Amino acid sequence: MIKTVSPNNNDDINADITSHDTFEKGFPHKAFKRMRDEDPCAWIDETDGGSGFWSVTRYKDIKEVNGLPKIFSSAQGIRLEEQSKEEFEARKTFQETDPPVHTRQRMMFHRGFTRKLISTYEPMIRDICNDIINEAVDLGEVDATKEIARKLPMRMLGRVVGTPDEDAEWLVSRGDSMIANSDPDFTDYVIDKVDTDEYRFLPFRSPAGKEIYDYGEKQKRLREDHDMGDVMSMLLQPNKQGDKISDLEFKNFFALMVAAGNDTTRYSMAFSMHAIANNPYIFDCLKSAPDDAPVWASATEEFIRWASPTMHFRRTATEDYKLHGKQIREGDKVVIWFTSGNYDERKFSNPFSLILERENNQHIAFGQGGPHACLGMWLARLEVRVAMQELLKRVSKIEQIGPEKYLRSNFIRGIKNLPVKLTSA
Ligand code: HEM
């Protein structure tokens, strides 16, 4: 069964893909389609003093680049932003390393996020959804991003890693201020508008990064002599090989988790609710499906492909490489656009249709195919599925009652406001 829905478009076929303003008008699908068709490895100049970069927009090429970490390294930066060596070293997380250094650190963090362990959290995640969704349904007319999608992921991640529920709202606001550093709705330190030089050694050049570092260190101290039985305590213990996470590694991992585990899942939920509110077919099909129906697994993958909230990551070429006849030179920045790959007609049939039963959905929203594939993917999938299941159980209708608003960011794709009316079941 196929259902086509509007793909949240910014129709400018020549949109500037480096500009945060572009994405505030919606994802420029037409511009990316033009690049996929006409110039799939395009050189893009940067107007803010950046060196420029190669923009890789086809699914197959993104997988190729992502699967060659020796040639396309993460160890010289993963964002468009140019950083000095000192800035890079101060802010570096294990995401900004290559194998074998990366493999060792990833093995230590991985044990807290395995599919098996994460699946045990389902009942607890359902409980959190109940509280938050009940409150939203009682209100009736709400901003679904703010009242549902924004509140859930940090509460869920907090329970998994072991931060107290009462700190979740503070962590969300600090996380937003840090990662949404280009949107004035979330920070006073808008990266392309005010001088953030003072904060250049902090994650995302944001003063909120320091607050998150300090909070992470406090949590670590609480666990130093005392196993609290949570993922954080587990991560602070040596692993089977006897490796232990250093203070700096832990601090940066904590900041990465607050950044990575917070808004990406939120916006996956926001895009899911947007699709459900605007398509009676999607609403009816999922509302009538029991929690263990196979359609929930395929619909969750499709919602995440549809949302593709992490739009790109950057690599740096360590040697010359040819792609589509273009000569990439050692030292060039190469940007892989996961969102574009997930809408590539060469890979997905009817990519602009949200197909709940889409088979063999090999989307790359989690950066699959490379060593850095999302550590939190099982948690994110569980959160999106359970949140949508619990929401649909509590409502007989969801209507969008005003225009949605998009995040001002060329990095994270998000519906930051989604006004809806929820009618109680
Ligand atoms: C729908 C939600 C999510 C999306 C779309 C997403 C997307 C991604 C992507 C594309 C990458 C690859 C980065 C790269 O290639 O450099 C990544 C890595 C990562 N993600 Fe997620 N993420 C999500 C949720 C989460 C959650 C809930 C966590 C919580 C722990 C998390 C933690 C991480 C970490 C730690 C990495 C770095 C892994 C590494 O470098 O080995 N993510 N994510």
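Ile44 stands opposite Phe53 in β2, and this pair is a good place to enter the model, which is a predicted one. Close by in sequence, Trp43 has Trp54 in β2 as its bridge partner. Both pairs belong to a longer ladder: four bridges join β1 to strand β2 (residues 53-56), and the two strands run antiparallel.

Now step across β2 to its other neighbour. Phe53 also stands opposite Lys333, a residue of β8. Here again there are four bridges, but β2 and β8 run parallel. Put these pairings together with the rest and you have an open sheet of five strands, in the order β1-β2-β8-β5-β3, with mixed pairing. Its edge strands are β1 (41-44) and β3 (72-73), each of which pairs on one side only. Helix α3 (residues 59-66) packs on this sheet and touches β1, β2, β3, β5 (312-317) and β8 (333-337). If you look along β8, the direction of α3 makes about 130° with that of the strand.

How are the two faces of β2 placed, covered or open? Both are covered. Phe53 and Ser55 lie on one side, Trp54 and Val56 on the other, and all four are buried.

Val56 leads us nicely into the interior. The largest nonpolar core has 107 residues, and Val56 is among those with the most contacts inside it, together with Ile148, Leu152, Ala270, Met273, Val334 and Ile336. Helix α18 (residues 377-394) gives the most to this core, with nine residues. Ile336 is worth a closer look. Leaving aside neighbours within four places in sequence, Ile336 is in contact with Val56, Ile62, Val65, Asn66, His312, Phe313 and Arg315.

Leu152, another of the core residues named above, takes us to helix α9 (residues 152-161). This helix is mostly covered, with nine of its 10 residues buried. The buried ones are Leu152, Pro153, Met154, Arg155, Met156, Leu157, Gly158, Val160 and Val161. Just after α9, Gly162 takes a positive phi of about 110°.

Let us return to α18 and see how a second helix meets it. Helix α14 (residues 263-278) and α18 pack at an angle of about 35°, with their axes 10 Å apart. Their crossing is right-handed. On the α14 side, the residues involved are Thr264, Thr265, Ser268, Met269 and Ser272, and they meet Ala380, Glu383, Val384, Ala387 and Met388 in α18. By class, this contact has five nonpolar, four polar and one charged residues. It helps to keep some helix geometry in mind while reading such lists: an α-helix has 3.6 residues a turn, so residues three or four places apart point the same way.

A second helix pair makes a useful companion. Helix α11 (residues 208-223) and helix α13 (residues 247-260) pack at an angle of about 120°, and their axes are 9 Å apart. The crossing of α11 and α13 is right-handed. Here Gly209, Ile212, Tyr213, Gly216, Glu217 and Lys220 in α11 meet Phe250, Lys251, Phe254, Ala255 and Val258 in α13. Sorted by class, the contact of α11 with α13 has six nonpolar, two polar and three charged residues.

One more sheet remains on our route. This open sheet has three strands in the order β4-β12-β9, with antiparallel pairing. Its edge strands are β4 and β9 (395-400), each pairing on one side only. Neighbouring strands of this sheet are turned by 30° against each other on average, direction ignored. Between β9 and strand β12 (residues 419-424) there are five bridges, in the antiparallel sense. Within that ladder, Ile398 has Leu422 in β12 as its bridge partner.

Leu422 also brings us to the last stop, Val142, which is found in strand β4 (residues 141-143). Not counting residues up to four places away in sequence, Val142 touches Ala136, Glu147, Val420 and Leu422. The C-alpha atoms of Val142 and Asn417 are separated by 9.6 Å, although these residues are 275 residues apart along the chain. Why does Val142 count as partly exposed? Because Val142 has 19 C-beta neighbours inside 10 Å, and a residue needs 20 or more to be buried.

Technical notes
Residues are numbered from 1 along each chain as its sequence is written. This is a predicted model: local features need pLDDT of at least 70, side-chain atom pairs count only at pLDDT 80 or more; totals for chains, interfaces and linings use all residues. Two strands pair if DSSP finds at least two bridges between them. Two residues are in contact if their C-beta atoms, placed from the backbone, lie within 7 Å. Axes are lines fitted to C-alpha atoms, for helices over the stretch in contact, and angles run from 0 to 180 degrees between N-to-C directions. A nonpolar core is a set of buried Ala, Val, Leu, Ile, Met, Phe, Trp, Tyr and Cys residues joined through C-beta atoms within 7 Å. A residue is buried if 20 or more other C-beta atoms lie within 10 Å of its own, exposed if 12 or fewer, and partly exposed in between; C-beta atoms are placed from the backbone. A crossing is left-handed if the near helix is turned anticlockwise from the far one by less than a right angle, and right-handed if clockwise. Ala, Val, Leu, Ile, Met, Phe, Trp, Tyr, Cys and Pro count as nonpolar, Asp, Glu, Lys and Arg as charged, and the others, Gly among them, as polar.
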